[in-house]
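Dear colleague,

I am passing on the structure we spoke about, together with notes on what turned up in it. Please open it alongside this message and follow the places as they are named.

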Amino acid sequence: MRVFTRLILAISVICLSALSAQGVEPEKAKLKIAVGSQILNYMPLELGVKLGNFKEEGLDVTVENFQAGGSKALQALIGGSVDGTVGFYDHTIQMQAQGKEISCVFVLNNIPGVLLGIRSDLADKVKTAADLKGLKLGITAPGSSTDTMARYYIKKSGLGPRDVNIIAVGSGAPGMVALEAKNIDALVYFDPIATLVARKKTATPLFDARTIEGSKQAFGGIYPTACLYLQQSFTDKNPETVQRLVNALLKTHRWINSVATEQLVDAIPAGYKTDNRDVNIEIMNASKALFSQTGQMDLEAAKVPLAVLSDFDPKIAAAKIDLSKTFTNRFAERAAQRLK
C-alpha cells in the first residue's frame with residue numbers, strides 16, 4: 001500500500017511539474033516586430049501572423065514595415081520602438097563591432113536569395129562585376145545588407161569604392177521602376193521582383209544567390225541572411241516570450257516546407273506576392289529552398305557573412321567578433337522538442 005501511495009504521489013508531482021512548465025506565461029504578450037521591407041526573405045513573419053501561429057502561442061504580434069530598408073528596422077530596434085526585428089544576420093555582427101549586443105534567435109534563410117542584375121540593354125557590355133565601373137548600381141538603403149553585399153562583390157572584382165555609383169532606390173517595386181526608367185544601370189534585388197524582372201527581361205543576373213551554388217559564387221560560401229534578432233537584454237528578461245516567438249516561427253517554416261506550392265502561394269500575405277497566381281507559383285518554385293527547416297544557425301555558415309563584412313569594413317575586421325554572441329540555437333532546439 002505504501003509503495004502504491006508513493007507511486008501515486010510521484011505521478012502527481014510529475015503531472016504538476018508538466019502543467020507548471022506549460023502554464024508559464026509570456027513575460028510580454030503584446031509585441032512589435034520590425035521588417036525592413038516586404039522581400040520574400042521576410043515573408044514567414046507575416047505569414048505566421050496570418051496563420052495564427054503567434055496567437056496560438058499566446059502572443060499578439062504587430063509587424064512594423066520600414067519599407068526604406070533593413071538599416072531602418074535595425075535602428076528601430078536599437079531605439080526601442082520595436083521589440084524585435086526580422087532582418088539580415090549581418091546586423092548582429094555590425095552591432096557587436098559597435099559594442100551593442102544583438103543576437104539572432106531564429107534563422108529564416110540559410111541562403112541569401114539575392115541577385116545582382118545588369119540592365120538587359122547593357123548585358124553585352126557588362127559580364128562581370130569589374131564591368132560595373134562607372135555605372136549606377138541600385139541598393140535599398142545606405143548601410144543595408146544590400147549595400148554591404150554589393151560593395152563586397154565590387155571590391156572582390158578589384159574595383160575601388162568610388163568606381164561604382166551606388167544609389168539608394170528603396171526595396172521592391174521602386175528598384176524595378178528605377179531600372180526600367182534607366183535611372184540606374186544595375187540593381188541588387190530579391191523575389192518577387194527577381195521573377196518579375198526575369199519575365200520582363202529587364203535585367204540579366206551577374207549572380208543569383210537563390211541557390212547554394214549562387215551563394216558560393218557571389219560570397220564564397222553559404223550565406224545565412226534573414227533572421228529574428230533581438231537585443232540581448234530583451235532575451236535575458238523575456239525568455240518565455242522569445243521561446244514562443246521561435247515556436248511560432250518554427251511552426252510556420254515547417255508548414256512552408258510541407259505544403260504544396262499552390263497552397264503556400266494562396267496563403268502568402270498580399271505584400272509578398274503579385275496579382276498573378278501563375279507568377280507567384282513560379283516565384284515560389286524558384287525560392288522555396290530559401291526557408292530554413294530548423295531555424296538553427298550553422299557556425300561555419302555564420303563565418304561567411306563575418307568574412308564578407310570584415311573584408312568590407314576594417315572596423316569589423318579589427319573588432320575580434322565573437323560569433324557565439326551573435327546567435328543562439330537554444331530556442332530553436334527547444335521549439336523542435338516542444339513541437340514533436
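Before the empty spaces are described, one term is needed: a cavity is a set of grid points where a 1.4 Å probe fits but cannot get out, whereas a pocket is an open set. Please also keep in mind that this is a predicted model.

How many cavities of 30 Å³ or more does the structure hold? There are three of them, and the largest encloses about 110 Å³ of space. Its lining is made by 14 residues, and those closest to its centre are Ile39, Tyr42, Gly70, Thr140 and Thr146. Sorted by class, the lining of the largest cavity comprises four nonpolar and 10 polar residues, with no charged ones.

The second largest cavity has a volume of about 80 Å³, and the residues that line it include Ile39, Thr140, Gly172, Leu187 and Ile193. Strand 8 contributes the most to the lining of the second largest cavity, namely four residues, and by class that lining holds six nonpolar, five polar and no charged residues.

Turning to the pockets, the largest has a volume of about 270 Å³. It is lined by 15 residues, of which Gln94, Met95, Gln98, Gly143 and Asp313 are the closest to its centre. Helix 4 (70-79), helix 5 (90-97), helix 6 (145-156) and helix 15 (314-318) are the elements that each give two or more residues to this lining, which in terms of class has five nonpolar, seven polar and three charged residues.

The second largest pocket holds about 200 Å³ of space. Its lining has 17 residues, and Gly172, Ala173, Pro192, Ile193 and Gly271 lie nearest its centre, while helix 7 (173-180) and helix 8 (193-200) are the elements that supply two or more residues to the lining. Eight of the lining residues are nonpolar, seven are polar and two are charged.

The next feature to look for is a sheet. Strands of a sheet pair through backbone hydrogen bonds, and they may do so in a parallel or an antiparallel way. Here an open sheet of five strands follows the order 7-6-8-5-9, with mixed pairing. Which strands form its edges? They are strand 7 (165-168) and strand 9 (203-208), each of which pairs on one side only, and from one strand to the next the twist averages 30 degrees. Strand 5 (residues 114-119) and strand 9 run antiparallel and are joined by five bridges, with Gly117 standing opposite Pro205 of strand 9.

Two helices can be placed against these strands. Helix 6 packs on the sheet, where it touches strand 5, strand 6 (136-139), strand 7, strand 8 (186-190) and strand 9, and its direction makes about 145 degrees with that of strand 6. Helix 8, in turn, lies across strand 5, strand 8 and strand 9, and runs at about 130 degrees to strand 8.

Finally, please find Val82, in the loop between helix 4 and strand 3 (84-88). Is Val82 buried or exposed? Val82 counts as buried because its relative accessibility is 6%, and the cut-off for that word is under 20%. Leaving aside neighbours within four places in sequence, Val82 is in contact with Lys32, Ala34, Glu64, Phe66, Ala76 and Leu77. Lys32 is 50 residues away from Val82 along the chain, yet their C-alpha atoms are separated by 5.0 Å.

With best wishes

Key:
Residues numbered from 1 in each chain as written. Predicted model: local features only at pLDDT ≥ 70, side-chain atom pairs only at ≥ 80, totals over all residues. Heavy atoms only, no water. 1 Å grid on protein atoms, 1.4 Å probe; cavity = no way out; pocket = protein on both sides within 12 Å on 5 of 7 lines; lining within 4 Å. Points joined across faces, edges and corners; volume = space filled by probe spheres on them. Nonpolar A, V, L, I, M, F, W, Y, C, P; charged D, E, K, R; others polar. Pairing = 2+ DSSP bridges. Axes fitted to C-alpha atoms, helices over the stretch in contact; angles between N-to-C directions. Contact = heavy atoms within 4.5 Å. Buried < 20%, exposed > 50% of the residue type's maximum accessible area, 1.4 Å probe, protein only.
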